[in-house]
Amino acid sequence: MNKYTIDLANTCLGCKKPSCEKGCPVNTPIAEMIRLFLSGEIRTAGQMLFDNNPLSIICSLVCPHEKHCEGHCVLNKKKTAVSVGSIENYISDFYMHDTQFKKPEHNGHNIAIIGSGPAGIALAFILASKGYGITMYDSHDKIGGVLRQGIPDFRLNKNILDKLIEKLKQLGVIIRPNIMIGKNITIDDLFRDGFKAVFLSTGVWSPKKLGIKGESLGHVHFAIDYLKNPSVYDLGKKVVVLGAGNVAMDVARTAVRNGVKEVVIMYRKGEENIPAEKHEVDCAKIDGVKFDFYKEPLEFNDKGIFYQTTDGTDEKGFIETDSIFISISQNPNDIIVKNNKDISVDEKGLLSTDENGMTSRVGVFASGDVVTGARTVVEAVAFSKKVAVSIEEYIDNL
Ligand SMILES: Cc1cc2nc3c(=O)[nH]c(=O)nc-3n(C[C@H](O)[C@H](O)[C@H](O)COP(=O)(O)OP(=O)(O)OC[C@H]3O[C@@H](n4cnc5c(N)ncnc54)[C@H](O)[C@@H]3O)c2cc1C
């Protein structure tokens with residue numbers, strides 16, 4: 001047993017009305033988790049966490065805890081919030097290694113899940129545990145969505161995802177990798193082949209572009225593309241990252257770890273406006289990433305970036321760099337919407353659903369980033385939990 005984790009758990013006051021739980025989008029039963037853990041009932045604690053959030057092990061590592069549970073801890077008044085994430089991680093890691101799942105009896109209903117990121121995995125766990133036959137499709141070779149193709153290894157060890165695959169398979173989930181659903185295999189095909197409901201959890205994978213000259217050059221890359229496989233890029237000695245969200249921090253820190261000597265984040269606003277979480281920015285600074293504020297790009301050439309200042313001085317200048325990353329958010333790709341009828345989207349291309357996650361097409365549900373726009377893992381899980389209930393109701397009424 002890890003003494004450090006026990007010490008952390010012992011800092012919890014065991015509040016009668018734990019504000020940490022209210023701050024969590026999936027209302028993790030934190031006080032009970034800590035009580036069970038300290039009284040030697042780690043298996044019960046692990047089961048409880050998994051039942052509430054099948055991605056507890058992931059959320060324990062990548063959630064913005066300072067915004068949710070830890071940010072709501074009463075001990076913040078003394079600047080010593082309980083380290084909820086570390087305790088949850090210890091318990092959920094134990095549970096995932098200790099527990100063997102069993103395939104339940106098939107209830108006669110099959111559901112197709114398109115997209116194997118957090119929204120899809122959460123739904124697969126919830127409904128497979130109840131006996132639904134689940135087939136999960138993904139355009140990538142391995143499941144996980146952003147967890148696999150976006151969040152760098154130094155923040156999320158991919159062995160954890162392999163553990164999740166093992167557990168999904170134990171529950172009978174069928175995984176069909178390397179297939180882009182939408183054009184070749186359509187939603188009509190899925191209904192024809194007996195799926196009672198289709199769940200779209202396809203995320204946001206189409207990088208927004210700046211629309212300026214030079215954006216197609218060989219040393220200009222989109223952040224989300226780079227993170228899929230950083231080792232294939234030859235970036236040179238200096239890199240400038242345009243944008244200052246969490247993805248920009250991940251790109252910058254990954255470039256540092258891949259040997260780039262100078263990594264600069266260029267941002268059109270000031271430090272106080274940085275959209276990334278504070279701890280992500282702090283980590284980037286510790287890793288040696290530099291920041292350059294109040295500049296926006298005008299044009300790229302082979303040697304670097306023409307920019308102008310945005311602090312009111314309206315100066316123009318040029319920054320030399322070997323490579324450039326554009327990190328200004330992503331939109332959904334439209335392969336499903338374009339090639340399948342009756343699926344409505346909003347002006348950003350995000351899927352429109354009712355409050356229960358049903359799209360404009362009967363029997364087709366959706367959750368995660370493809371509905372909400374880029375958010376977080378725990379928010380995708382919270383949404384999928386709600387949609388799981390409405391898919392069950394829908395199938396019951398067929
Ligand atoms: C670099 C990066 C770092 C992040 N870091 C954090 C973090 O630290 N903490 C946090 O909480 N959140 C983080 N996020 C946000 C979080 O990862 C997302 O909110 C979450 O992954 C959304 O889950 P999802 O299931 O909706 O979509 P995704 O994770 O995007 O998964 C969608 C999957 O669908 C597949 N797909 C798409 N179209 C099709 C199709 N037509 N057919 C078949 N498959 C398809 C894609 O290949 C992908 O595997 C980060 C995001 C990025 C980009």
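**Exercise 1. Parallel pairing around strand 8**

Task: Determine in which sense strand 8 and strand 9 pair, and over how many bridges.

Solution.
1. Strand 8 and strand 9 run parallel, and 4 bridges link them. Two strands count as paired if DSSP finds at least two bridges between them. Strands (E, at least two residues) and helices (H or I, at least four) are DSSP runs numbered from the N terminus.
2. Within this pair, I265 stands opposite F291 in strand 9.
3. Between strand 8 and strand 9 the chain passes through helix 14 (residues 278-286), a right-handed β-α-β crossover. Right-handed means that, with the strands pointing away from the viewer, the path from the first strand over the helix to the second runs clockwise.
4. Strand 7 (residues 238-242) also pairs with strand 8 in the parallel sense, over 5 bridges. Here L242 stands opposite M266 in strand 8.
5. The chain goes from strand 7 to strand 8 through helix 13 (residues 246-257), and this β-α-β crossover is right-handed.
6. Of the 6 residues of strand 8 (residues 262-267), 5 are buried. Buried means under 20% relative accessible area, exposed over 50%, and partly exposed in between (1.4 Å probe, protein chains only).

The model is predicted: local features need pLDDT of at least 70, side-chain atom pairs count only at pLDDT 80 or more, and totals for chains, interfaces and linings use all residues. Residues are numbered from 1 along each chain as its sequence is written, and side-chain values use heavy atoms, leaving out hydrogens and water.

**Exercise 2. The antiparallel sheet**

Task: Give the strand order of the open sheet of 3 strands, and explain why one side of strand 10 and of strand 12 has no neighbour in the sheet.

Solution.
1. The order is 10-11-12, with antiparallel pairing.
2. Strand 10 and strand 12 are the edges; each has a single partner strand, so one side of each is left without a neighbour in the sheet.
3. Neighbouring strands of this sheet are turned by 30° against each other on average, direction ignored. Axes are lines fitted to C-alpha atoms, for helices over the stretch in contact, and angles run from 0 to 180 degrees between N-to-C directions.
4. Strand 10 and strand 11 are joined by 6 bridges. K295 stands opposite T309 in strand 11.

**Exercise 3. Positive phi values**

Task: Find where Y294 and D314 lie, and state what their phi values are.

Solution.
1. Most residues other than glycine have a negative phi.
2. Y294 has a positive phi, near 55°. This residue is in the loop between strand 9 (290-293) and strand 10 (295-301). Y294 is partly exposed because its relative accessibility is 29%.
3. D314 likewise has a positive phi, near 55°. Its loop joins strand 11 (304-309) and strand 12 (316-320). With a relative accessible area of 57%, D314 is exposed.

**Exercise 4. Helix 17, its sheet and the core**

Task: Establish which strands helix 17 touches, and how many residues helix 17 gives to the largest nonpolar core.

Solution.
1. The sheet is open and has 5 strands in the order 3-2-1-4-15, with parallel pairing. Its edges are strand 3 (174-176) and strand 15 (364-366).
2. Strand 1 (residues 110-114) and strand 4 (residues 195-200) are joined by 5 bridges. I113 has F199 as its bridge partner in strand 4.
3. Helix 17 packs on this sheet and touches strand 1, strand 4 and strand 15, its direction making about 160° with that of strand 4. Contact means heavy atoms within 4.5 Å.
4. The largest nonpolar core has 66 residues; I58, I114, L127, I134, L200 and I391 touch the most other members. Such a core is a set of buried Ala, Val, Leu, Ile, Met, Phe, Trp, Tyr and Cys residues joined through side-chain atoms within 4.5 Å.
5. Helix 17 (residues 377-396) gives the most to this core, with 9 residues.
6. At least three core residues come from each of domain 1 (3-98) and domain 2 (110-205 + 332-396). Domain bounds come from an automatic or database domain assignment.
7. Leaving aside neighbours within four places in sequence, I391 is in contact with I111, L123, L127, A197, F199 and F365.
8. Another core, of 23 residues, lies apart; V239, A244, A255 and F325 are among its members.
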